[in-house]
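Trainee: I'd like a close look at one part of this protein, with enough of the surroundings that I can see where that part fits. Please take it slowly, since I'm new to this.

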Amino acid sequence: MSHVALYRNEIAASHALARAIPGPSRHVGGRDHDTSPAAATAAAASRRILRILVVSPDSAAQDALRTAFEGEGTEVLRASGAPGVVDMVARAQVDLVVCDQQLADNGGFALLDAMHDRHPEVLTALLAVPGLSSAPQQASEHGASDYLARPVDAHEAVAFLRRLGTMAPVREAAVPVPGAPQAAPMFRGMYGTTPIMRDVFRLISRVGRTDVTVLVTGESGTGKELVARALHDESGRRNKPFVALNCSALPSELVESELFGHTRGAFTGAVKDRGGLFEAAHGGTLFLDEIGDLGPLAQAKVLRALENGEVMRVGGTRSTHVDVRVVAATNRPLDDMVVDGRFREDLLYRLKVISLALPPLRDRKDDIPLLANHFLHVFAARHHLPARAIGEDARDLLMSYDWPGNVRELRNVIEGAIVMCDGAEIAVCDLPASLANSIPRPLMPLTLLEQSAELPFVEARERALREFDRAFLTAALARNGGNIARTARALGLHRQSLQKLLARRDLRNGEVHRER
(Lines give C-alpha, C1' and ligand atoms only; values in the text may rest on other atoms or scores of the structure.)
Protein backbone atom coordinates (compact mmCIF):
# COMPACT_ATOMS: atom_id res chain seq x y z
CA MET A 1 0.00 0.00 0.00
CA SER A 2 1.40 3.42 -0.94
CA HIS A 3 1.97 5.98 1.79
CA VAL A 4 -0.70 8.23 0.17
CA ALA A 5 -3.25 5.42 0.37
CA LEU A 6 -2.22 4.73 3.92
CA TYR A 7 -2.71 8.37 4.81
CA ARG A 8 -6.13 8.33 3.14
CA ASN A 9 -7.12 5.34 5.24
CA GLU A 10 -5.87 7.09 8.38
CA ILE A 11 -7.83 10.22 7.47
CA ALA A 12 -10.96 8.11 7.01
CA ALA A 13 -10.35 6.39 10.34
CA SER A 14 -9.85 9.67 12.16
CA HIS A 15 -13.05 11.09 10.62
CA ALA A 16 -14.94 7.94 11.61
CA LEU A 17 -13.66 8.33 15.17
CA ALA A 18 -14.81 11.96 15.19
CA ARG A 19 -18.29 10.96 13.93
CA ALA A 20 -18.55 8.37 16.70
CA ILE A 21 -18.24 11.07 19.37
CA PRO A 22 -21.65 12.73 19.85
CA GLY A 23 -21.76 16.51 19.80
CA PRO A 24 -22.51 19.56 17.65
CA SER A 25 -21.01 19.81 14.18
CA ARG A 26 -19.89 22.92 12.30
CA HIS A 27 -19.66 23.04 8.49
CA VAL A 28 -16.37 24.66 7.49
CA GLY A 29 -14.90 24.83 3.99
CA GLY A 30 -17.23 22.18 2.59
CA ARG A 31 -16.44 19.62 5.35
CA ASP A 32 -18.21 18.74 8.59
CA HIS A 33 -16.07 18.88 11.74
CA ASP A 34 -17.11 17.80 15.21
CA THR A 35 -16.62 20.71 17.60
CA SER A 36 -17.94 19.11 20.79
CA PRO A 37 -15.80 19.36 23.95
CA ALA A 38 -15.30 15.59 23.91
CA ALA A 39 -13.99 15.68 20.35
CA ALA A 40 -11.73 18.61 21.09
CA THR A 41 -10.30 16.79 24.10
CA ALA A 42 -9.75 13.62 22.08
CA ALA A 43 -8.07 15.55 19.28
CA ALA A 44 -5.82 17.41 21.69
CA ALA A 45 -4.83 14.19 23.39
CA SER A 46 -3.91 12.51 20.10
CA ARG A 47 -2.09 15.49 18.61
CA ARG A 48 1.65 14.91 18.30
CA ILE A 49 2.56 17.73 15.93
CA LEU A 50 5.05 19.83 17.87
CA ARG A 51 6.82 21.88 15.21
CA ILE A 52 5.46 23.14 11.87
CA LEU A 53 7.29 24.75 8.97
CA VAL A 54 5.20 27.04 6.77
CA VAL A 55 6.84 27.67 3.39
CA SER A 56 5.11 30.54 1.63
CA PRO A 57 6.08 33.80 -0.10
CA ASP A 58 2.92 35.39 1.34
CA SER A 59 3.70 36.94 4.74
CA ALA A 60 -0.02 37.44 5.47
CA ALA A 61 -0.68 33.73 5.00
CA GLN A 62 2.35 32.92 7.17
CA ASP A 63 1.05 35.17 9.95
CA ALA A 64 -2.49 33.74 9.77
CA LEU A 65 -1.25 30.15 9.97
CA ARG A 66 1.19 30.98 12.76
CA THR A 67 -1.55 32.57 14.85
CA ALA A 68 -3.90 29.61 14.35
CA PHE A 69 -1.28 26.90 14.88
CA GLU A 70 0.49 28.46 17.88
CA GLY A 71 -2.90 28.74 19.57
CA GLU A 72 -2.92 24.94 19.48
CA GLY A 73 0.39 24.74 21.35
CA THR A 74 2.71 24.12 18.40
CA GLU A 75 5.88 25.95 17.39
CA VAL A 76 5.78 27.52 13.93
CA LEU A 77 8.84 28.11 11.76
CA ARG A 78 8.56 30.11 8.56
CA ALA A 79 10.37 30.25 5.24
CA SER A 80 9.58 32.39 2.20
CA GLY A 81 11.09 30.05 -0.39
CA ALA A 82 11.87 26.38 -1.02
CA PRO A 83 15.72 26.50 -1.25
CA GLY A 84 17.36 24.84 1.74
CA VAL A 85 14.11 23.62 3.28
CA VAL A 86 14.60 19.91 2.60
CA ASP A 87 18.08 19.92 4.15
CA MET A 88 17.05 21.61 7.38
CA VAL A 89 13.77 19.76 8.07
CA ALA A 90 15.28 16.74 9.85
CA ARG A 91 17.79 18.80 11.82
CA ALA A 92 15.03 21.15 12.95
CA GLN A 93 12.81 18.17 13.92
CA VAL A 94 9.86 19.44 11.91
CA ASP A 95 6.69 17.32 12.11
CA LEU A 96 4.65 19.04 9.40
CA VAL A 97 5.62 21.10 6.34
CA VAL A 98 2.92 23.28 4.77
CA CYS A 99 3.91 24.12 1.17
CA ASP A 100 2.32 27.05 -0.63
CA GLN A 101 1.23 26.17 -4.15
CA GLN A 102 2.28 29.67 -5.21
CA LEU A 103 6.00 29.16 -4.54
CA ALA A 104 8.08 30.37 -7.49
CA ASP A 105 8.78 28.03 -10.44
CA ASN A 106 6.13 25.50 -9.41
CA GLY A 107 8.12 25.21 -6.20
CA GLY A 108 5.15 24.16 -4.07
CA PHE A 109 4.66 20.83 -5.82
CA ALA A 110 8.41 20.36 -6.33
CA LEU A 111 8.96 20.81 -2.59
CA LEU A 112 6.22 18.29 -1.80
CA ASP A 113 7.89 15.77 -4.12
CA ALA A 114 11.30 16.39 -2.57
CA MET A 115 9.91 16.01 0.94
CA HIS A 116 8.23 12.74 -0.05
CA ASP A 117 11.52 11.40 -1.43
CA ARG A 118 13.88 12.61 1.31
CA HIS A 119 11.67 12.69 4.41
CA PRO A 120 8.71 10.35 3.98
CA GLU A 121 8.25 10.28 7.77
CA VAL A 122 7.41 14.03 7.84
CA LEU A 123 3.82 15.05 7.18
CA THR A 124 3.26 17.48 4.33
CA ALA A 125 0.27 19.56 3.29
CA LEU A 126 -0.63 21.89 0.44
CA LEU A 127 -1.70 25.50 0.87
CA ALA A 128 -3.86 25.77 -2.24
CA VAL A 129 -4.93 28.79 -4.26
CA PRO A 130 -8.53 29.98 -3.70
CA GLY A 131 -11.31 27.97 -5.33
CA LEU A 132 -9.10 25.19 -6.71
CA SER A 133 -11.41 22.19 -7.12
CA SER A 134 -8.53 19.88 -7.98
CA ALA A 135 -6.62 20.66 -4.75
CA PRO A 136 -7.41 17.31 -3.04
CA GLN A 137 -6.25 15.32 -6.09
CA GLN A 138 -3.12 17.42 -6.62
CA ALA A 139 -2.20 17.21 -2.94
CA SER A 140 -2.47 13.41 -3.00
CA GLU A 141 -0.53 13.09 -6.26
CA HIS A 142 2.42 14.91 -4.70
CA GLY A 143 2.39 12.97 -1.44
CA ALA A 144 0.62 15.55 0.72
CA SER A 145 -1.58 14.26 3.52
CA ASP A 146 -4.13 17.07 3.34
CA TYR A 147 -4.65 20.55 1.96
CA LEU A 148 -5.82 23.93 3.23
CA ALA A 149 -7.48 26.48 0.98
CA ARG A 150 -6.61 30.16 0.82
CA PRO A 151 -7.48 32.66 2.14
CA VAL A 152 -6.64 31.13 5.51
CA ASP A 153 -9.58 30.76 7.88
CA ALA A 154 -8.56 30.40 11.53
CA HIS A 155 -11.24 27.82 12.40
CA GLU A 156 -10.48 25.75 9.32
CA ALA A 157 -6.74 25.91 10.07
CA VAL A 158 -7.32 24.54 13.59
CA ALA A 159 -9.56 21.74 12.25
CA PHE A 160 -6.92 20.96 9.59
CA LEU A 161 -4.20 20.71 12.27
CA ARG A 162 -6.31 18.45 14.47
CA ARG A 163 -7.01 16.12 11.54
CA LEU A 164 -3.32 15.85 10.78
CA GLY A 165 -2.48 15.46 14.48
CA THR A 166 -4.07 12.00 14.52
CA MET A 167 -1.70 10.96 11.71
CA ALA A 168 1.59 12.39 12.93
CA PRO A 169 4.12 9.72 13.88
CA VAL A 170 5.37 9.74 17.44
CA ARG A 171 8.59 11.71 17.42
CA GLU A 172 11.45 10.40 19.48
CA ALA A 173 12.33 12.80 22.24
CA ALA A 174 15.47 14.76 21.48
CA VAL A 175 18.48 14.21 23.67
CA PRO A 176 18.07 16.83 26.41
CA VAL A 177 20.53 19.69 26.31
CA PRO A 178 22.37 19.98 29.63
CA GLY A 179 20.81 22.77 31.63
CA ALA A 180 17.84 23.13 29.26
CA PRO A 181 14.33 23.04 30.77
CA GLN A 182 12.26 20.10 29.57
CA ALA A 183 8.70 21.26 30.28
CA ALA A 184 6.30 22.80 27.73
CA PRO A 185 8.12 26.00 26.85
CA MET A 186 5.81 28.27 24.85
CA PHE A 187 3.00 30.60 25.87
CA ARG A 188 1.59 33.07 23.35
CA GLY A 189 4.89 33.34 21.48
CA MET A 190 7.00 33.65 24.66
CA TYR A 191 9.41 30.96 25.80
CA GLY A 192 10.37 30.02 29.34
CA THR A 193 10.04 27.24 31.89
CA THR A 194 11.73 28.83 34.90
CA PRO A 195 9.45 29.44 37.91
CA ILE A 196 9.62 33.21 37.47
CA MET A 197 8.40 32.97 33.86
CA ARG A 198 5.68 30.47 34.77
CA ASP A 199 4.39 33.07 37.23
CA VAL A 200 4.39 35.67 34.43
CA PHE A 201 2.42 33.34 32.14
CA ARG A 202 -0.11 32.57 34.87
CA LEU A 203 -0.62 36.28 35.57
CA ILE A 204 -1.12 37.04 31.87
CA SER A 205 -3.67 34.24 31.58
CA ARG A 206 -5.58 35.47 34.64
CA VAL A 207 -5.49 39.19 33.83
CA GLY A 208 -5.84 38.84 30.07
CA ARG A 209 -9.49 37.82 30.23
CA THR A 210 -10.40 41.09 31.93
CA ASP A 211 -10.29 44.68 30.68
CA VAL A 212 -8.16 46.11 33.50
CA THR A 213 -5.28 48.43 32.69
CA VAL A 214 -1.86 46.79 33.05
CA LEU A 215 1.55 48.40 33.59
CA VAL A 216 4.39 46.19 32.33
CA THR A 217 7.81 47.00 33.74
CA GLY A 218 11.22 45.61 32.89
CA GLU A 219 14.55 46.38 31.32
CA SER A 220 14.89 47.03 27.61
CA GLY A 221 14.78 43.82 25.59
CA THR A 222 12.82 41.70 28.10
CA GLY A 223 9.75 41.39 25.83
CA LYS A 224 7.26 43.96 27.09
CA GLU A 225 5.45 44.22 23.75
CA LEU A 226 5.13 40.43 23.61
CA VAL A 227 3.40 40.57 26.99
CA ALA A 228 1.04 43.29 25.73
CA ARG A 229 0.16 41.19 22.67
CA ALA A 230 -0.37 38.13 24.87
CA LEU A 231 -2.76 40.10 27.09
CA HIS A 232 -4.66 41.17 23.98
CA ASP A 233 -4.78 37.63 22.57
CA GLU A 234 -6.02 36.25 25.91
CA SER A 235 -8.87 38.78 26.03
CA GLY A 236 -12.27 39.00 24.40
CA ARG A 237 -10.80 41.79 22.26
CA ARG A 238 -8.50 39.40 20.37
CA ASN A 239 -10.38 39.88 17.08
CA LYS A 240 -10.22 43.68 17.36
CA PRO A 241 -7.22 45.95 16.64
CA PHE A 242 -3.97 45.81 18.59
CA VAL A 243 -2.29 49.21 18.18
CA ALA A 244 1.18 50.04 19.54
CA LEU A 245 3.01 53.33 20.01
CA ASN A 246 6.54 53.87 21.29
CA CYS A 247 6.13 57.17 23.12
CA SER A 248 9.88 57.86 23.03
CA ALA A 249 10.08 57.53 19.25
CA LEU A 250 8.22 60.77 18.51
CA PRO A 251 8.84 64.38 19.52
CA SER A 252 6.56 65.48 22.37
CA GLU A 253 4.67 67.89 20.11
CA LEU A 254 3.70 65.02 17.77
CA VAL A 255 2.74 62.43 20.39
CA GLU A 256 -0.58 64.16 21.20
CA SER A 257 -1.56 64.29 17.54
CA GLU A 258 -0.56 60.63 17.11
CA LEU A 259 -2.58 59.50 20.13
CA PHE A 260 -5.66 61.72 19.88
CA GLY A 261 -5.72 62.89 16.27
CA HIS A 262 -6.12 66.47 15.06
CA THR A 263 -8.47 68.70 13.13
CA ARG A 264 -7.72 70.54 9.94
CA GLY A 265 -5.66 73.67 10.62
CA ALA A 266 -4.77 72.68 14.20
CA PHE A 267 -1.11 73.26 13.37
CA THR A 268 1.14 73.80 10.37
CA GLY A 269 0.81 70.80 8.07
CA ALA A 270 -2.58 69.66 9.40
CA VAL A 271 -4.34 69.84 6.04
CA LYS A 272 -7.25 67.53 6.98
CA ASP A 273 -8.95 65.93 9.96
CA ARG A 274 -7.18 62.83 11.20
CA GLY A 275 -8.10 60.32 13.89
CA GLY A 276 -5.56 59.21 16.46
CA LEU A 277 -4.48 55.83 17.77
CA PHE A 278 -7.12 55.78 20.50
CA GLU A 279 -9.78 55.90 17.79
CA ALA A 280 -7.90 53.36 15.67
CA ALA A 281 -7.81 50.93 18.61
CA HIS A 282 -11.56 51.26 19.33
CA GLY A 283 -12.82 47.91 20.59
CA GLY A 284 -9.29 46.57 20.96
CA THR A 285 -6.05 47.23 22.83
CA LEU A 286 -3.69 50.22 22.77
CA PHE A 287 -0.12 49.51 23.87
CA LEU A 288 1.81 52.56 25.07
CA ASP A 289 5.47 51.64 25.26
CA GLU A 290 7.90 53.88 27.20
CA ILE A 291 4.98 55.79 28.69
CA GLY A 292 7.40 57.56 31.05
CA ASP A 293 8.42 59.75 28.11
CA LEU A 294 4.95 61.33 27.72
CA GLY A 295 4.82 65.08 28.31
CA PRO A 296 2.53 66.67 30.94
CA LEU A 297 -0.31 67.61 28.55
CA ALA A 298 -0.35 64.17 26.93
CA GLN A 299 -0.38 62.58 30.39
CA ALA A 300 -3.49 64.59 31.31
CA LYS A 301 -5.27 63.55 28.12
CA VAL A 302 -4.39 59.87 28.58
CA LEU A 303 -5.77 60.04 32.12
CA ARG A 304 -9.03 61.53 30.81
CA ALA A 305 -9.30 58.78 28.19
CA LEU A 306 -8.76 56.10 30.83
CA GLU A 307 -11.27 57.56 33.29
CA ASN A 308 -14.05 58.73 30.93
CA GLY A 309 -13.42 56.79 27.73
CA GLU A 310 -13.29 60.09 25.82
CA VAL A 311 -10.66 61.68 23.59
CA MET A 312 -10.53 65.09 21.94
CA ARG A 313 -8.51 65.73 18.81
CA VAL A 314 -5.87 68.45 18.87
CA GLY A 315 -7.65 71.65 17.80
CA GLY A 316 -11.07 70.02 18.26
CA THR A 317 -14.05 71.18 20.30
CA ARG A 318 -15.95 67.95 20.97
CA SER A 319 -15.04 64.62 22.52
CA THR A 320 -15.26 61.20 20.91
CA HIS A 321 -16.14 58.09 22.91
CA VAL A 322 -13.67 55.21 22.62
CA ASP A 323 -13.71 51.69 24.02
CA VAL A 324 -10.02 50.86 24.44
CA ARG A 325 -8.05 48.72 26.83
CA VAL A 326 -4.68 50.32 27.61
CA VAL A 327 -1.53 48.35 28.36
CA ALA A 328 1.46 50.54 29.20
CA ALA A 329 5.14 49.67 29.59
CA THR A 330 8.27 51.36 30.85
CA ASN A 331 11.84 50.68 31.86
CA ARG A 332 11.96 53.89 33.91
CA PRO A 333 11.24 54.26 37.67
CA LEU A 334 7.83 55.93 37.50
CA ASP A 335 7.54 56.11 41.32
CA ASP A 336 10.71 58.20 41.45
CA MET A 337 9.44 60.34 38.57
CA VAL A 338 6.25 61.04 40.54
CA VAL A 339 8.35 62.25 43.48
CA ASP A 340 10.33 64.51 41.12
CA GLY A 341 7.14 65.89 39.57
CA ARG A 342 7.87 64.43 36.12
CA PHE A 343 4.94 61.99 36.07
CA ARG A 344 1.37 62.38 37.29
CA GLU A 345 0.63 60.38 40.42
CA ASP A 346 -3.04 59.91 39.50
CA LEU A 347 -2.09 58.57 36.06
CA LEU A 348 0.39 56.13 37.61
CA TYR A 349 -2.29 54.74 39.92
CA ARG A 350 -4.71 54.47 37.00
CA LEU A 351 -2.14 52.65 34.86
CA LYS A 352 -0.98 50.09 37.40
CA VAL A 353 -4.29 48.55 38.34
CA ILE A 354 -2.22 45.44 37.70
CA SER A 355 1.59 45.59 37.66
CA LEU A 356 3.53 42.93 35.78
CA ALA A 357 7.31 42.93 36.21
CA LEU A 358 9.38 41.09 33.59
CA PRO A 359 12.64 39.60 34.87
CA PRO A 360 15.96 40.35 33.15
CA LEU A 361 17.53 37.41 31.34
CA ARG A 362 20.34 37.19 33.92
CA ASP A 363 17.68 36.25 36.51
CA ARG A 364 16.33 33.40 34.36
CA LYS A 365 19.49 31.91 32.92
CA ASP A 366 18.05 28.40 32.87
CA ASP A 367 15.87 29.64 29.98
CA ILE A 368 18.89 30.58 27.85
CA PRO A 369 19.36 27.14 26.17
CA LEU A 370 15.64 27.01 25.39
CA LEU A 371 15.57 30.51 23.91
CA ALA A 372 18.79 29.97 21.97
CA ASN A 373 17.46 26.74 20.48
CA HIS A 374 14.22 28.47 19.48
CA PHE A 375 16.07 31.34 17.79
CA LEU A 376 18.35 28.84 16.01
CA HIS A 377 15.37 27.22 14.31
CA VAL A 378 13.70 30.54 13.53
CA PHE A 379 16.75 32.04 11.83
CA ALA A 380 17.77 28.81 10.13
CA ALA A 381 14.39 28.79 8.41
CA ARG A 382 14.47 32.52 7.68
CA HIS A 383 17.94 32.46 6.11
CA HIS A 384 17.60 28.99 4.52
CA LEU A 385 20.48 27.58 6.57
CA PRO A 386 20.90 24.30 8.47
CA ALA A 387 19.68 24.44 12.07
CA ARG A 388 23.01 23.69 13.73
CA ALA A 389 23.42 22.75 17.38
CA ILE A 390 25.32 24.87 19.90
CA GLY A 391 28.69 23.51 20.97
CA GLU A 392 29.42 22.92 24.64
CA ASP A 393 31.93 25.76 24.98
CA ALA A 394 29.64 28.20 23.18
CA ARG A 395 26.76 27.16 25.42
CA ASP A 396 28.89 27.70 28.52
CA LEU A 397 29.75 31.20 27.28
CA LEU A 398 26.09 32.00 26.66
CA MET A 399 25.28 30.88 30.19
CA SER A 400 28.15 32.90 31.72
CA TYR A 401 27.32 36.19 30.02
CA ASP A 402 25.07 38.69 31.87
CA TRP A 403 23.01 39.83 28.82
CA PRO A 404 22.51 43.55 29.50
CA GLY A 405 20.35 43.65 26.35
CA ASN A 406 18.29 40.69 27.61
CA VAL A 407 16.35 38.44 25.20
CA ARG A 408 16.66 40.92 22.33
CA GLU A 409 20.46 40.76 22.60
CA LEU A 410 20.43 36.95 22.75
CA ARG A 411 18.20 36.88 19.66
CA ASN A 412 20.61 39.06 17.70
CA VAL A 413 23.66 37.07 18.86
CA ILE A 414 22.11 33.78 17.73
CA GLU A 415 21.10 35.23 14.37
CA GLY A 416 24.66 36.40 13.77
CA ALA A 417 26.12 33.09 14.95
CA ILE A 418 24.04 30.94 12.63
CA VAL A 419 25.05 33.13 9.68
CA MET A 420 28.76 33.04 10.60
CA CYS A 421 28.96 29.35 11.51
CA ASP A 422 30.69 27.13 8.97
CA GLY A 423 31.18 24.06 11.15
CA ALA A 424 28.98 21.26 12.43
CA GLU A 425 28.19 23.24 15.59
CA ILE A 426 28.13 26.86 16.63
CA ALA A 427 31.47 27.48 18.35
CA VAL A 428 32.82 30.29 20.52
CA CYS A 429 34.44 31.87 17.47
CA ASP A 430 30.99 32.29 15.89
CA LEU A 431 29.84 34.44 18.81
CA PRO A 432 30.73 38.13 19.21
CA ALA A 433 34.12 38.71 20.84
CA SER A 434 32.43 41.09 23.28
CA LEU A 435 30.81 38.12 25.03
CA ALA A 436 34.11 36.39 25.82
CA ASN A 437 35.82 39.68 26.68
CA SER A 438 33.17 40.47 29.29
CA ILE A 439 33.85 37.30 31.31
CA PRO A 440 36.42 37.87 34.09
CA ARG A 441 39.47 35.66 33.56
CA PRO A 442 41.24 33.95 36.50
CA LEU A 443 44.55 35.36 37.59
CA MET A 444 47.78 33.40 37.25
CA PRO A 445 47.98 30.45 39.70
CA LEU A 446 49.69 31.35 42.96
CA THR A 447 52.12 28.42 42.63
CA LEU A 448 53.55 29.86 39.41
CA LEU A 449 54.08 33.22 41.09
CA GLU A 450 55.84 31.57 43.99
CA GLN A 451 58.14 29.65 41.64
CA SER A 452 59.08 32.88 39.85
CA ALA A 453 59.68 34.89 43.03
CA GLU A 454 63.45 34.20 43.08
CA LEU A 455 63.97 35.33 39.46
CA PRO A 456 64.80 38.85 38.26
CA PHE A 457 61.64 40.82 37.45
CA VAL A 458 62.12 40.91 33.65
CA GLU A 459 62.82 37.17 33.48
CA ALA A 460 59.90 36.35 35.79
CA ARG A 461 57.51 38.46 33.71
CA GLU A 462 58.66 36.82 30.47
CA ARG A 463 58.22 33.39 31.98
CA ALA A 464 54.72 34.29 33.19
CA LEU A 465 53.75 35.66 29.77
CA ARG A 466 55.11 32.55 28.05
CA GLU A 467 53.13 30.22 30.30
CA PHE A 468 50.00 32.34 29.94
CA ASP A 469 50.29 32.37 26.13
CA ARG A 470 50.76 28.61 26.03
CA ALA A 471 47.80 27.84 28.26
CA PHE A 472 45.53 30.41 26.65
CA LEU A 473 46.34 29.51 23.05
CA THR A 474 46.17 25.77 23.68
CA ALA A 475 42.69 26.14 25.19
CA ALA A 476 41.57 28.43 22.35
CA LEU A 477 42.77 25.96 19.71
CA ALA A 478 41.03 23.10 21.52
CA ARG A 479 37.75 25.05 21.61
CA ASN A 480 37.93 25.55 17.86
CA GLY A 481 39.01 22.05 16.88
CA GLY A 482 42.60 23.10 16.09
CA ASN A 483 41.37 25.30 13.23
CA ILE A 484 43.78 28.25 12.93
CA ALA A 485 41.39 30.51 11.02
CA ARG A 486 38.49 30.01 13.44
CA THR A 487 40.77 30.46 16.45
CA ALA A 488 42.18 33.69 15.05
CA ARG A 489 38.67 34.98 14.41
CA ALA A 490 37.59 34.10 17.95
CA LEU A 491 40.61 35.89 19.46
CA GLY A 492 40.32 38.96 17.24
CA LEU A 493 43.70 38.30 15.58
CA HIS A 494 44.83 38.07 12.00
CA ARG A 495 45.62 34.52 10.95
CA GLN A 496 49.27 35.38 10.23
CA SER A 497 49.64 37.05 13.64
CA LEU A 498 48.31 33.95 15.37
CA GLN A 499 50.65 31.69 13.40
CA LYS A 500 53.64 33.84 14.38
CA LEU A 501 52.58 33.78 18.02
CA LEU A 502 52.19 30.00 17.95
CA ALA A 503 55.65 29.63 16.42
CA ARG A 504 57.17 31.98 18.99
CA ARG A 505 55.66 29.97 21.83
CA ASP A 506 56.61 26.68 20.14
CA LEU A 507 53.00 25.61 19.71
CA ARG A 508 51.69 23.65 16.74
CA ASN A 509 47.91 23.15 16.70
CA GLY A 510 47.77 23.06 20.47
CA GLU A 511 50.75 20.76 21.01
CA VAL A 512 53.48 22.06 23.33
CA HIS A 513 57.00 21.19 22.21
CA ARG A 514 59.90 21.00 24.63
CA GLU A 515 62.05 24.12 24.67
CA ARG A 516 65.80 23.68 24.26
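Mentor: Let's start with a definition: two cysteine sulfur atoms count as a disulfide when they lie within 2.5 Å of each other. By that rule, this predicted model has 0 disulfides. Take C429 as an example. The nearest cysteine sulfur belongs to C421 and is 7.6 Å away, so C429 is in no disulfide. C429 is tucked inside all the same, as its relative accessible area is 6% and that makes it buried. C99 is another buried cysteine, at 0% relative accessibility.

Now step back for the overall layout. The chain has 516 residues, and 44% of them count as buried. Its secondary structure comes to 22 helices and 20 strands. If you look at contacts between residues at least 6 apart in sequence, 70% of them join residues at least 24 apart.

The part I'd like you to look at closely is the second largest pocket, which has a volume of about 1500 Å³. Its lining takes in 44 residues, and the ones closest to its centre are R66, R188, G189, L226 and R229. Which helix or strand gives the most to that lining? That would be α9, with 8 residues. Several other elements chip in with at least two residues each, among them α3 (59-70), β4 (75-79), β11 (242-246) and α17 (406-420). As for chemistry, the lining is a mix: 16 residues are nonpolar, 13 are polar and 15 are charged.

Stay with R188 for a moment. Its place is the loop between β8 (186-187) and β9. R188 isn't a glycine, yet its phi is positive, about 50 degrees. It is partly exposed, with a relative accessible area of 36%. You'll find a similar story at H384, in the loop between α15 and β17 (389-390). H384 isn't a glycine either, and its phi is positive at about 55 degrees. At 29% relative accessibility, H384 counts as partly exposed too.

Helix α15 (368-382) also supplies at least two residues of the pocket lining. It turns up again in the largest nonpolar core, where it provides the largest share, 10 residues. That core holds 55 residues, and L53, V89, V97, L398 and W403 touch the most other members. Try clicking on V89: beyond its sequence neighbours within four places, it is in contact with L53, V94, V97, M115, H119 and V122. There is also a second, separate core of 31 residues, which includes L286, L294, V324 and L351. As background, nonpolar side chains tend to be buried together in soluble globular proteins.

Don't assume that a charged residue has to be on the outside, though. D100, in strand β5 (96-100), is buried, with a relative accessible area of 0%. Setting aside residues within four places in sequence, its contacts are V55, S56, P57, D58, G108, L127 and R150. That last contact, R150, is worth following, since the peptide bond from R150 to P151 is cis, with omega near -5 degrees. P151 lies in the loop between β7 (146-149) and α7 (154-165).

Let's go back to β11, one of the pocket's contributors, and use it as a stepping stone. What covers the buried residues of helix α10? The cover includes β11, α11 (277-280), β12 (285-289), α12 (296-308) and β13 (310-311). The buried residues of α10 (252-260) are V255, E256, S257, L259 and F260. It helps to remember that an α-helix has 3.6 residues a turn, so residues three or four places apart point the same way. Just after α10 comes G261, which has a positive phi near 80 degrees.

This is also where a distant stretch of the chain comes in. R313 and F260 are 53 residues apart in sequence, but their C-alpha atoms are 5.0 Å apart in space. R313 touches other residues from that area as well, including G261, H262 and T263. Its own place is the loop between β13 and β14 (320-321), where it is partly exposed at 25% relative accessibility.

Conventions:
Residues numbered from 1 in each chain as written. Heavy atoms only, no water. 1 Å grid on protein atoms, 1.4 Å probe; cavity = no way out; pocket = protein on both sides within 12 Å on 5 of 7 lines; lining within 4 Å. Points joined across faces, edges and corners; volume = space filled by probe spheres on them. Helix = DSSP H or I, 4+ residues; strand = E, 2+ residues; numbered from the N terminus. Nonpolar A, V, L, I, M, F, W, Y, C, P; charged D, E, K, R; others polar. Core = buried A, V, L, I, M, F, W, Y, C linked by side-chain atoms within 4.5 Å. Buried < 20%, exposed > 50% of the residue type's maximum accessible area, 1.4 Å probe, protein only. Contact = heavy atoms within 4.5 Å.
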